[in-house]
Amino acid sequence: MVKIAVKGWGEREVPAGTTVMEALKELSGKLYKEAMAVRIDGTVVDLSTPLREDTALEVVTFDEPEGAEAYRHTASHIMAQAVKRLYDKNVQLGIGPSINEGFYYDFDFGDTLTVEDLEKVEKEMHKIVKEDLPLERLEVSREEAINIFRERGEDYKIELINGLEDSDRITCYRQGDFIDLCTGPHLPSTGRVKVFKLLSLAGAYWRGDESRPMLQRIYGTAFPKQKMLEEYMQRLEEARRRDHRKLGRELDLFSLHEEAPGFPFYHPRGMIIRRELERFWQDEHRRAGYVEVETPLILNRELWERSGHWEHYKENMYFTRIDDEDYAVKPMNCPGAMLIYKMGMHSYRDFPLRVAEMGLVHRHERSGTLHGLMRARSFIQDDAHIFMLPEQVEDEVEGVIDLVDRFYSVFGFTYHVELSTRPEKSMGSDEMWERATTALRAVLDKKDISYKVNEGDGAFYGPKIDFHLQDCLGRTWQCGTIQLDFQMPEKFDLHYIGPDGQKHRPAMIHRVVYGAMERFLALLIEHYGGAFPLWLAPVQAVIIPITDRQHSYALELEQLLLSHGVRAELDDRSEKVGYKIREAQVQKVPYMLVVGDREVQSRTVAVRHREKGDLGPVSIEAFLADIKKEIEHKS
RNA sequence: GCUCACGUAGCUCAGGAGGUUAGAGCGUAUCCUUGGUAAGGAUAAGGUCACCGGUUCGAAUCCGGUCGUGAGCUCCA
């Protein structure tokens, strides 16, 4: 007999060799049902693990990431098995992990797979679930593993095995006639997977490498309860309602056209929001010690050769010819900023020199990557270049981090941070890169910010810290970034006069806070679901007279609000109040001011707030004071 | 750029397995209505069915190509 101790459930003695699953069943039926796996000594293992000695364990349910992973990973194996059954001869397996809210599996198909096939696959999956095949964990030697997959013609799996660490123990999972290379853990049998749905079909390069074959990926998700799936689908649906491309059209903020793919058009209402964001940005930057400049859109080829863009960034640039000379449309603002810096002598006393530029840049992004305002071919970067002494780098990086944090918290964004290191295609010496990367790391560590490291993802001129925000579907987008650059100052032979009266090389950082106005606006639209806070709302108050008897009063009111800088509109159409209110609600206007005879009489407005509803009559003066205060507070 | 899918009125979508004048709702215009907190009524305008080519007596419908869009991959703010 061995003793098991289940955290929160007590102990029990069971015969040695009993599986965890059987032991849990003894303890509680509920426990047995809800367990996806168990954690022993911090490691998550299968429920089918036999108990050989006294064991303390913890049940892992679907609520935990590891539990959901085991569940969905099993679902992905079921899908792969179904696909093999249906299309056997034509299919080779790629990989099939669980992901955030579901799972996928990549297949190399002889014929192409179409959406109609998904239904067939689902049907076959239901059969496999019904068969309740046990999942068996196998530990085999490298040779055995290779033999298994060679026999099955699974070339991709063999490549994976060859890429594994020098361990002789390779684990596979078998369910019926299906076998897959996998470390697990998995559910004990296919019958445990209750609810699943195949969601979409997409291409995906083998091992994420563009030069390797493109496999076909099927995405799906799985849950223990039907209701959970329904809730998930509903969440997706709601998220789609917040999509900035949809809201951008409905709220008349911007548009995109076939005539200019990837080049956004701002409409008057979108323009208002952008200008407010810019105004806020300028105020904050002035306060943070920045000066502002503007550099041209088109600059001579020679400049781009000097900056390294011609060599490292050419495929993303647009070109033109002027008087028989090559020019490029700027994809970045830095070379222009370099020229301004070089216009005069700089003393170490002037440092740090923080030079900001709201610069419109154009980049030839590949057609498949375009995504509304999130990923466009022209966008405005809220750029700045900071020139400084090498020993000022850490303080300046810290200052920018604080600035980014202040901005994002105004909008209520939560963000995560990434650090990107030297890419293959890059300029400069190893020491420079090492020094720059260490400096960035030091600041992040000092500020106790947790970050993810992206090896090889830096810019060609230096490493960077990135700030990422999430869109309505949880996809993350890089917004703020701080890029350390010891290259440009070198290339452009920048210098400053030090205390010793000699010329020295300044250090430089490129940084953006919003990132790109387009992307940030898109994220704001999705974040607020189109209901912008008062200070950003394109229309802050709409005046709704009940009959045309109140029109002159309404007009007077509109003028008063406009004269105080409140963005007011008068809805003087001959529609009923309900209709006008509905329209204002749909347009997410923060305040609706209903005026009828009573309000004219008492010189008040009946205030209706888009969320709080009817707030009753308020004097004109009081409303004006309140709304001005609220705008001021950016709440 | 790659894989799969999609492209019908300003918007959301019907329809179309080849056959006279292509439909609805919302929106727009005009008129009626002057109505107190999420859609009052009537009439009208609006489409070379993305574009180019092919098959056919005949194409919005079938085929091919181009462009654009969506999801994903790759790449990136």
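A polar contact is a pair of N or O atoms within 3.5 Å; within protein, one must be able to donate a hydrogen and the other to accept it, and residues adjacent in sequence count only if both atoms are side-chain atoms. The model shown is predicted, and local features need pLDDT of at least 70 while side-chain atom pairs count only at pLDDT 80 or more, whereas totals for chains, interfaces and linings use all residues. Residues are numbered from 1 along each chain as its sequence is written, chains are lettered from A and ligands numbered from 1 in the order in which they are written, and side-chain values use heavy atoms, with hydrogens and water left out.

**View 1. Chain A as a whole, with its 20 helices and 33 strands.** Helices (H or I, at least four residues) and strands (E, at least two) are DSSP runs numbered from the N terminus. The C-alpha trace of chain A spans about 85 × 75 × 50 Å along its principal axes. Of the 635 residues in chain A, 52% are buried, a word that stands for under 20% relative accessible area, with exposed meaning over 50% and partly exposed the range in between (1.4 Å probe, protein chains only).

**View 2. Three side chains and their polar contacts with RNA strand B.** A polar side-chain atom of Lys-464 lies 2.9 Å from a phosphate oxygen of RNA strand B, whereas Arg-366 places a polar side-chain atom 3.2 Å from a base oxygen of this strand. For Gln-585, the partner is a base nitrogen of RNA strand B, and the distance is 3.1 Å. Two or more residues of the surface near RNA strand B come from each of several elements, including strand 12 (195-205), strand 13 (214-223), helix 8 (244-250) and helix 18 (577-586).

**View 3. The protein surface near RNA strand B.** A residue is near the strand if one of its heavy atoms lies within 4 Å of it. Of the 60 residues around RNA strand B, Tyr-205, Ser-367, Ala-376, Gln-478 and Ile-546 come nearest, and helix 18 gives the most to this surface, with six residues. By class, the surface has 21 nonpolar, 16 polar and 23 charged residues, where Ala, Val, Leu, Ile, Met, Phe, Trp, Tyr, Cys and Pro count as nonpolar, Asp, Glu, Lys and Arg as charged, and the others, Gly among them, as polar. On the RNA side, 51% of the atoms of RNA strand B within 4 Å of the protein belong to sugar or phosphate, and the rest belong to bases.

**View 4. Helix 13 and the residue that follows helix 13.** Helix 13 (residues 393-411) has 19 residues and reaches 28 Å from its first C-alpha to its last, close to the 27 Å expected at 1.5 Å a residue, a span taken as 1.5 Å times one less than the number of residues. Its buried residues include Val-393, Val-397, Val-400, Val-404, Phe-407 and Phe-411, and Glu-396 and Glu-398 are also among them. Just after helix 13, Gly-412 takes a positive phi of about 75°.

**View 5. Glu-154, a residue in the loop between helix 5 (142-151) and helix 6 (155-163).** Glu-154 counts as buried because its relative accessibility is 2%. A polar atom of the Glu-154 side chain lies 2.7 Å from the backbone nitrogen of Leu-93.

**View 6. An open sheet of five strands in the order 2-1-5-3-4, with mixed pairing.** The edge strands, each pairing on one side only, are strand 2 and strand 4 (43-45). Neighbouring strands of this sheet are turned by 35° against each other on average, direction ignored; the axes are lines fitted to C-alpha atoms, for helices over the stretch in contact, and angles run from 0 to 180 degrees between N-to-C directions. Two strands pair if DSSP finds at least two bridges between them, and strand 1 (residues 2-6) is joined to strand 2 (residues 10-14) by five bridges, running antiparallel. Lys-3 stands opposite Glu-13 in strand 2, and three residues separate the two strands in a hairpin, where Gly-8 in the turn has a positive phi of about 85°. Strand 3 (residues 37-40) and strand 4 also pair in the antiparallel sense, over three bridges, with Ile-40 opposite Thr-43 in strand 4.

**View 7. The hairpin of strand 10 and strand 11.** Four bridges join strand 10 (residues 170-175) to strand 11, and the two run antiparallel. Tyr-173 has Asp-180 in strand 11 as its bridge partner, and Gly-176 takes a positive phi near 60° in this hairpin, which has two residues between the strands. From strand 11 (residues 178-181), Phe-178 and Asp-180 point one way and Ile-179 and Leu-181 the other way, and all are buried.
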